[in-house]
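Got the viewer open and a cartoon view loaded? Let's take a walk through this one, one selection at a time.

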Amino acid sequence: AANWDYFGGPGTKDESGKTLRGGFPQLRIVALAECGTRALVSAALGSYNNGEKTLAVELIPRLRPEMLVLADRNFPGYELWQQAAATGAELVWRIGKNFSLDVDEVLKDGSYLSRLKVPRQLHSQGSTDITVRVIKYQLKDQDGNATETFTLATTLLDPEVAPSNELAELYQSRWEIESAFGAFKSQLKGDGVVLRSKTPDGAQQELWALLCAYHAIRELICAAAEMTKQDPLRISFIAALDTVRGPVGDPAAFPPSQNN
C-alpha cells in the first residue's frame with residue numbers, strides 16, 4: 001500500500017467505469033547513457049506520474065562541455081534546451097511532428113538555421129530566442145521507399161564542423177540506451193521480476209543498488225574490451241554477468257579463512 005501511495009501506477013477501467021489498479025506500482029527512471037559502452041552514468045528516479053522532462057532536469061548538472069548529448073523527440077523544449085546548452089555540452093535532439101521550427105537561413109548542406117522561441121512567461125525575465133540548426137532526413141526501405149522522416153535540432157551551427165549526414169548517422173547511436181535499459185531491466189534482474197521492497201525508500205535503495213551492479217558489469221566489459229582490443233558493444237552483457245556470478249555463487253571459490 002505504501003508503494004502504491006508513493007509511486008502510483010497504471011490502471012484499467014471496468015465495465016462500470018471504475019478505475020482498477022494494475023498489477024504493481026511503478027517507479028520511473030530517466031538516465032544518461034554512454035552510447036559507446038551502454039553504461040548508465042547518471043539517473044533520476046520518480047513516481048509513475050512524474051514526467052520524463054521533469055526527471056531530465058535532474059540530469060542537467062551531469063552534462064559536460066566535452067559531451068555530445070542525443071535525446072529523443074519527447075525532450076525538446078525551450079527551457080530544457082536552454083539549461084542543457086548552458087552546460088557547454090553540444091546537443092542533437094530529435095524534434096516531434098508537432099514542433100514547429102521556421103526556416104531562417106538555409107545552409108549549403110541543406111540544413112537550416114531556426115529559433116526556439118522564448119515562451120511568453122519568460123519574456124519578462126529577459127530571455128531571448130535560441131538559434132538552432134535543423135537537419136531533416138528520411139529513412140528508406142530496401143526498395144528505396146521513404147519510411148520515416150527524422151528532424152533533428154542541434155547546437156552545432158556550422159555545417160563545416162558538423163556535416164548534416166554525419167549527425168544523421170550519429171543519431172542512430174541514441175538507440176543504444178534502449179539496449180542498455182533492456183539489459184538493466186530484463187537481463188540483470190530477470191524479465192518480469194519486480195523489486196522486493198515494501199516501502200518507497202527501500203524500493204529506491206534497491207534500484208540504486210541494481211544501477212551500481214549494472215555499472216560494475218559495464219566497467220568489467222570495458223576493461224575486457226581494452227585488454228582484447230575489441231569494441232565494448234561487441235561483448236555480451238549476459239556473458240559478463242555470468243562471469244561475475246560464477247565465482248560469487250561458488251563456495252569453493254572463497255575458501256574459509258584459517259582464523260574462522
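Start with the big picture of one sheet in this predicted model: six strands make an open sheet with mixed pairing, running in the order β5-β6-β10-β9-β8-β7. Colour 68-71 and 105-106 next. Those are β5 and β7, the edge strands; each has a single partner, so one side of each has no neighbour in the sheet.

Now zoom in on the β5 end. β5 and β6 run parallel to each other and share four bridges. To see how they line up, pick Leu 68 and look across to β6, where Glu 90 stands opposite.

**What packs on the sheet**

Select 164-171. This is helix α5, which packs on the sheet and touches β5, β6, β9 and β10, with its direction at about 70° to that of β9. Which α5 residues are buried? Show side chains for Ser 164, Leu 167, Ala 168 and Tyr 171, and you have them. They span an arc of only 100° around the axis, which places them on the same side of α5. Their cover includes β5, β6, β9 and β10. Flip to the other side of α5 and you'll find Asn 165 and Glu 169, both exposed.

Add residues 78-85 to the view. Helix α3 lies across β6, β8 (112-116), β9 (130-140) and β10 (146-154), and runs at about 155° to β6.

**A stop at Arg 94**

Stay with β6, residues 90-94, and select Arg 94 within that strand. Is this arginine buried or exposed? Its relative accessibility is 5%, under the 20% cut-off, so Arg 94 counts as buried. Turn on side chains and look for Glu 148: a polar contact of 2.9 Å links the side chains of Glu 148 and Arg 94. Then expand the selection to what Arg 94 touches beyond its sequence neighbours up to four places away. Among these contacts are Ala 71, Asp 72, Arg 73 and Pro 76, as well as Thr 149, Phe 150, Thr 151 and Leu 152. Tyr 171 is on that list too, and you have already met Tyr 171 as one of the buried residues of α5.

**Over to the hairpin**

Next, select 27-33 and 40-47. These are β3 and β4, paired antiparallel over seven bridges. For one matched pair, click Leu 27 and find its bridge partner in β4, Ser 47. The two strands form a hairpin with six residues between them, and Arg 38 in the turn has a positive phi of about 65°. Switch on a surface and look for β4: seven of its eight residues are buried, so this strand is largely enclosed by the rest of the structure.

**Last stop: Ile 235**

Jump to the loop between α7 (200-228) and α8 (237-248), where Ile 235 sits. Ile 235 counts as buried because its relative accessibility is 19%. Leaving out residues up to four places away in sequence, Ile 235 touches Ile 221, Ala 224, Ala 225 and Gln 230. For a sense of distance, draw a C-alpha to C-alpha line from Ile 235 to Glu 52: they are 183 residues apart in sequence and 30 Å apart in space.

Before you close the session, select 23-214. An unreviewed UniProt entry lists that stretch as "domain: Transposase IS4-like". Over those residues the chain is 28% helix and 27% strand, with the end C-alpha atoms 26 Å apart.

Methods
Residues are numbered from 1 along each chain as its sequence is written. This is a predicted model: local features need pLDDT of at least 70, side-chain atom pairs count only at pLDDT 80 or more; totals for chains, interfaces and linings use all residues. Side-chain values use heavy atoms; hydrogens and water are left out. UniProt positions are given in the numbering used here, feature names are shortened, and annotations may be inferred rather than shown by experiment. Buried means under 20% relative accessible area, exposed over 50%, partly exposed in between (1.4 Å probe, protein chains only). A polar contact is a pair of N or O atoms within 3.5 Å; within protein, one must be able to donate a hydrogen and the other to accept it, and residues adjacent in sequence count only if both atoms are side-chain atoms. Contact means heavy atoms within 4.5 Å. Two strands pair if DSSP finds at least two bridges between them. Axes are lines fitted to C-alpha atoms, for helices over the stretch in contact, and angles run from 0 to 180 degrees between N-to-C directions. The arc is that of the directions from the helix axis to the C-beta atoms.
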